[in-house]
Amino acid sequence: MGGFLDEDAVRVAAAKSLAECAIDRLQQQGNLVEAERVLKECVSILDGRRYEKGRDGILAATLGMLGECLLDAGIEQKEGDKMKEAEGILRRALVAAELDGEDSAIANALSELSRCLREQGYVQMRKLGESEELITKLGEAAELLERCLEVREAKLGPDDDMVVGTQLEWGICLSEAMRPAEAVHTLRQYLAIQDAKLDPSDIQIARALRPLAVCLSRMGKPEEARGALGRCLAIQEAKMCEDVENLSFTLHLLGLHLLESGEPTEAQEKLRRSSARLGPGHCLVISIELELAICRRVEDHKRWDPGMPVGSSTLHMLDQHDWEYEALCDQFRTKWLKFQPPRGVSIERIFSIQIDPAVRNKHDRYKLTVSINPRRQFHGTSCNEKCNFIVNPQREAPCGLSSCSVCSICMQGFKIKDNVGTTARRTGFSLRYGEGVYFSSVSGKANDYARFSQKTAPDGRRLRCMFVAYVAKGNPYLTKEASLPRNKCPPSGLESVEGMATLVP
Ligand SMILES: [Zn+2]
C-alpha cells in the first residue's frame with residue numbers, strides 16, 4: 001500500500017502546483033483558455049489517484065474552479081456548449097464537496113451551479129423566447145440558491161454580507177422563474193434586513209427594488225410596483241455615474257408602467273431618457289423606439305374627437321421606414337418557427353387600425369378590471385370569398401359583412417360572439433381552451449388559422465391576412481394540456497389560458 005500512497009501524494013502535489021499556476025494565469029492575464037487547459041490536467045491527475053486516504057477537498061476545489069472557468073468562457077463567447085460542459089463539471093464539484101462534507105465548498109458549488117443554469121436560461125431565452133424548459137431551469141436554479149442560503153446561514157449567521165447577498169440572488173432568481181409571490185416575499189425580507197443596516201440611499205437596496213416591481217406588477221399590483229420603481233430610480237439617479245445601464249433599465253420599466261396606466265406623455269419622457277443613456281448601439285433601443293411610437297399613438301387616441309360617429313374605424317398603411325413597421329416585420333419573421341412554403345413568406349403591407357371609439361372605450365374600461373400584462377401577438381382568421389379588401393386595399397373597401405371575420409375585426413375589434421370559433425372549425429382545429437379569442441406568439445401558427453383569408457393576387461402570389469394585437473393577458477393559467485374542460489377555461493380567479501406546447505399544430 002505504501003507505494004500507492006507515495007504515488008498519490010506525488011499526484012496531489014502535482015495537481016496542487018498546477019492549480020495554483022492556473023489561478024495565477026487566470027488572474028494575471030484573464031487567460032481563460034490556458035486556465036481551462038491546466039485545470040483539466042489537474043482533474044485528470046486527481047482522477048488517477050488509486051488510493052484515497054480520507055478526503056482532502058482538492059478535487060472539489062479544482063472542479064469548482066474549472067466549472068467557474070468554463071462558465072465564464074461560455075458567457076464571454078455566448079457559447080451554449082461551454083456552459084453545458086460547465087454544468088456537468090459543477091455538478092461533479094457539488095457531489096465531491098458533499099462527500100467531503102465541507103460547507104463552504106458545498107455552498108460555492110450550489111451558487112455557481114445555479115449561476116450556470118441561469119446563464120444557460122438567458123442564452124436560450126434570447127434564441128427561443130420564454131419556454132417551459134427555461135422555467136424548469138430557472139426553477140432548479142432557485143432551489144439550488146435556497147439550499148445555498150440554508151448552508152451559508154447555518155454557518156455564518158443571518159446578518160453576514162454573503163448570506164444577505166445570497167438572499168438577494170435567490171429573490172431575483174425566483175422572479176425570473178415566474179414565481180412572483182415567493183420572490184416578493186424573499187426580496188422584502190432582504191429589504192427589511194438592508195433597511196435596518198444600510199443608508200436608505202444605498203445602491204444595494206436599489207438592486208432588489210426593480211425585480212420586486214416586476215413581480216408586483218405580475219401579481220396585479222401596479223401601484224405598489226410603481227412605488228418600488230420610484231424609489232429605485234431615486235437611489236440610482238443619486239448615484240448615476242456608477243451604473244448607467246441599470247438606471248436606464250429602471251427608466252424603461254417606469255416608462256412602460258406609465259404607458260400602461262394611460263399616461264403616454266409622462267411615459268415618453270422616461271423612455272426617451274432611457275434610450276439616450278443607453279446609446280444608439282444598445283439592443284433595447286429598438287424596442288424603446290417602438291414603445292415611443294405606441295405612446296404617440298395612445299396620445300393620438302386621447303386627442304380623438306369624442307363626437308366622432310360611432311361605427312367608424314380608420315385604417316392607415318404603415319410606411320416601410322416606420323419603426324413600428326420594421327419591428328413588426330422582425331417579430332413576424334423571427335417568430336414564424338414553422339415550415340415555410342416553397343417560395344417563402346413575405347410581408348406585403350401593414351395597416352394600423354384605429355378602432356371605433358365606442359369599442360375603444362370598452363377596451364379601456366376592461367383594462368381597468370384586469371392586470372394588463374400585455375403581449376403583442378398574432379391572430380389568423382378567415383375572410384369572405386367575395387371580399388377583396390386585402391388584395392387591393394387602395395381601391396376595394398372592406399366588404400363590411402358581419403360574416404367576414406377580417407372586416408368585422410377591422411370595424412369592431414375582437415368580439416366573443418357569433419363569429420368566434422368559425423375559423424377554427426373551418427380550418428379543422430378544435431377550440432382547445434373553450435370559447436374565446438385565440439392569439440399566438442408564433443406567426444407561423446396564426447398562419448395556419450389564416451388559410452381561409454387566402455386570396456390570389458393579379459401576379460399569382462397568394463396573400464393572407466393576419467392581425468397583430470396588444471393582448472391583455474392578465475393573470476394567465478399556464479397549461480401543457482392540448483385542450484381543457486369548460487370549467488377550466490380559465491379556472492376561476494385567472495384571466496386567460498396559455499398553452500405552453502405552442503408548436504403542436
Ligand atoms: Zn370582408
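This section describes the fold, the core and selected local features of a single chain. The model is predicted: local features need pLDDT of at least 70, side-chain atom pairs count only at pLDDT 80 or more, and totals for chains, interfaces and linings use all residues. Residues are numbered from 1 along each chain as its sequence is written, and side-chain values use heavy atoms, with hydrogens and water left out.

The chain has 18 helices and eight strands. These elements are DSSP runs, numbered from the N terminus: helices are H or I over at least four residues, strands are E over at least two. Of the 505 residues in the chain, 44% are buried. Buried denotes under 20% relative accessible area, exposed over 50%, and partly exposed the range in between, with a 1.4 Å probe and protein chains only. A contact requires heavy atoms within 4.5 Å. Among contacts between residues at least 6 apart in sequence, 63% join residues at least 24 apart.

The largest nonpolar core has 75 residues. Such a core is a set of buried Ala, Val, Leu, Ile, Met, Phe, Trp, Tyr and Cys residues joined through side-chain atoms within 4.5 Å. Leu63, Leu110, Leu191, Leu209 and Leu212 have the most contacts inside this core. Helix α3 (residues 58-77) gives the most to the core, with nine residues. Leu63 touches Val43, Ile89, Arg92, Ala93 and Ala96, leaving aside residues up to four places away in sequence.

Helix α7 (residues 161-176) was compared with its expected span, which is 1.5 Å times one less than its number of residues. For 16 residues the expected value is 22 Å; the end C-alpha atoms are 23 Å apart, which agrees. The buried residues of α7 include Val163, Trp170, Gly171 and Cys173. Asp160 caps the N-terminal end of α7. One of its side-chain oxygens lies 2.8 Å from the backbone nitrogen of Met162. Past the helix, Met178 sits in the loop between α7 and α8 (180-197). Its phi is near 60°, a positive value in a residue other than glycine. Met178 counts as partly exposed because its relative accessibility is 28%.

Leu337 also has a positive phi, about 55°, although it is not a glycine. This residue is found in the loop between α14 (323-334) and β2 (351-354). With a relative accessible area of 43%, Leu337 is partly exposed.

Arg210 lies in helix α9 (residues 203-218). Its relative accessibility is 19%, so Arg210 counts as buried. Beyond residues up to four places away in sequence, Arg210 touches Leu229, Cys232, Gln236, Asn246, Phe249, Thr250 and Leu253. The side chains of Arg210 and Asn246 are joined by a polar contact of 2.9 Å. A polar contact is a pair of N or O atoms within 3.5 Å; within protein, one must be able to donate a hydrogen and the other to accept it, and residues adjacent in sequence count only if both atoms are side-chain atoms. The C-alpha atoms of Arg210 and Phe249 are separated by 8.8 Å, with their positions 39 residues apart along the chain.

His257 belongs to helix α11 (residues 244-260). At 11% relative accessibility, His257 is buried. Its contacts, again without residues up to four places away in sequence, are Ser217, Pro222, Ala225, Arg226 and Leu229.

Zero disulfides are found in a search of the whole structure. The criterion is a pair of cysteine sulfur atoms within 2.5 Å. The sulfur of Cys465 is 6.5 Å from the closest cysteine sulfur, in Cys410, and is therefore too far for a bond. Cys465 is buried at 13% relative accessible area. Cys387 is buried at 2%. Cys410 is among the buried residues of α16. Helix α16 (residues 405-412) is mostly covered, with six of its eight residues buried. Gly413 follows α16 and has a positive phi, near 80°.

Strand β7 (residues 476-479) pairs with strand β8 (residues 496-499) in the parallel sense over four bridges. Pairing requires at least two DSSP bridges between the strands. Pro476 has Ser496 in β8 as its bridge partner. In a regular strand, side chains alternate between the two faces of the sheet. In β7, Tyr477 and Thr479 form the covered face, while Pro476 and Leu478 form the uncovered one.
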